[in-house]
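Colleague: I have a sequence and a model open and would like a walk through them. Can we go over it piece by piece?

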Amino acid sequence: MTIIPTADWGSCVKDGVATIACIPIVIQNVVNFLILFAGVVCVFLVIYSGYKFVMSEGDPEKVGNARKTLTYAIAGLIFIILSFVIMAFLGKFLGVDRIVPK
């Protein structure tokens with residue numbers, strides 16, 4: 001069974017075999033997956049902290065714990081978004097628009 005890529009990979013795949021030129025593409029895919037995964041984890045942590053707020057029943061220690069979870073989740077989400085924006089800005093500034101050919 002031969003898998004033919006749907007995108008134009010340029011010189012990355014020769015005769016159906018990946019070459020060393022595919023390494024930047026693989027790295028880009030891994031980074032994109034990690035950014036997406038971290039964003040999903042942050043959203044779930046925000047939902048979990050909301051659950052902790054509701055279930056705290058007014059206990060100051062539980063409310064403080066829920067507030068810390070929410071603060072760290074939002075700070076992590078902001079950090080993820082800023083890292084993506086900074087990488088995109090550096091890519092534009094350095095002239096590297098996309099690794100994968102169009």
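**Notes on the model**

Modeller: Start with Phe93, which counts as exposed because its relative accessible area is 63%. Keep in mind that this is a predicted model.

Colleague: What is the ring of Phe93 stacked with?

Modeller: Phe93 is stacked with Phe89: the ring centres are 6.2 Å apart and the planes are at 15°, so the pair counts as stacked. Both belong to helix 2, where being 4 residues apart puts them about one helical turn from each other.

Colleague: Why would that spacing suit a pair of side chains?

Modeller: An α-helix has 3.6 residues a turn, so residues three or four places apart point the same way.

Colleague: Is Phe89 buried or exposed?

Modeller: Phe89 is exposed, with a relative accessible area of 56%. The cut-off for exposed is over 50%.

Colleague: How many aromatic pairs are there?

Modeller: The count is 2. Phe33 and Phe37 form a stacked pair, with 6.1 Å from centre to centre and 20° between the planes. These two sit in helix 1, 4 residues apart, again about one turn of the helix.

Colleague: And how open are Phe33 and Phe37?

Modeller: Phe33 is exposed at 52% relative accessibility. Phe37 has a relative accessible area of 48%, so Phe37 is classed as partly exposed; the class runs from 20% to 50%.

Colleague: Let's step back. What is the overall layout?

Modeller: The protein has 2 helices and 2 strands, and along the sequence they come in the pattern β-β-α-α. Of the 102 residues, 14% are buried. The accessible surface is about 8,200 Å², and carbon and sulfur atoms account for 73% of that surface.

Colleague: What share of the contacts is long-range in sequence?

Modeller: Taking contacts with a separation of 6 or more, 52% are between residues 24 or more positions apart.

Colleague: Which element has the lowest mean pLDDT, and which the highest?

Modeller: Strand 2, residues 17-18, has the lowest mean pLDDT among the elements, at 76. Helix 2, residues 60-94, has the highest, at 89. For the whole protein the mean is 81, and 83% of the residues reach 70 or more.

Colleague: What about the places where the score is low?

Modeller: Where pLDDT is low, the predicted coordinates should not be read in detail.

Colleague: Back to the helices. What span should helix 1 have, and what does the model give?

Modeller: Helix 1 covers residues 23-55, which is 33 residues, so at 1.5 Å a residue helix 1 should span 48 Å. The C-alpha atoms at its ends are 47 Å apart, which agrees. Helix 2 has 35 residues and reaches 50 Å from first C-alpha to last, close to the expected 51 Å.

Colleague: Which residues are buried in each helix?

Modeller: In helix 1 they are Ile25, Gly39, Cys42, Ser49 and Lys52. In helix 2 they are Ala66, Thr69, Ala73, Ile80 and Gly91.

Colleague: What covers those in helix 1?

Modeller: The cover over the buried residues of helix 1 includes helix 2. On the other side, the buried residues of helix 2 pack against helix 1.

Colleague: Where does Phe79 fit in?

Modeller: Phe79 lies in helix 2 and is exposed, with 61% relative accessibility. Phe79 and Gly39 are 40 residues apart in sequence, while their C-alpha atoms are 10.0 Å apart in space.

Colleague: Now the loop between the helices. Why is Ser56 called buried?

Modeller: Ser56 is in the loop between helix 1 and helix 2. Its relative accessibility is 4%, so Ser56 counts as buried, the limit being under 20%. Leaving aside neighbours within four places in sequence, Ser56 is in contact with Lys62 and Val63.

Colleague: And Glu57, buried or exposed?

Modeller: Glu57 is exposed, at 71% relative accessibility. Glu57 is in the loop between helix 1 and helix 2 as well.

Colleague: Anything to note about the backbone there?

Modeller: Glu57 has a positive phi of about 55° although this residue is not a glycine.

Colleague: What comes just after helix 2?

Modeller: Gly95, which takes a positive phi of about 85°.

Notes
Residues numbered from 1 in each chain as written. Predicted model: local features only at pLDDT ≥ 70, side-chain atom pairs only at ≥ 80, totals over all residues. Heavy atoms only, no water. Buried < 20%, exposed > 50% of the residue type's maximum accessible area, 1.4 Å probe, protein only. Contact = heavy atoms within 4.5 Å. Areas by Shrake-Rupley, 256 points an atom, 1.4 Å probe, with all protein chains shown as cover. pLDDT = per-residue confidence, 0-100. Expected span 1.5 Å × (residues − 1). Phe/Tyr/Trp six-rings, centres within 6.5 Å; stacked < 30°, edge-to-face > 60°.
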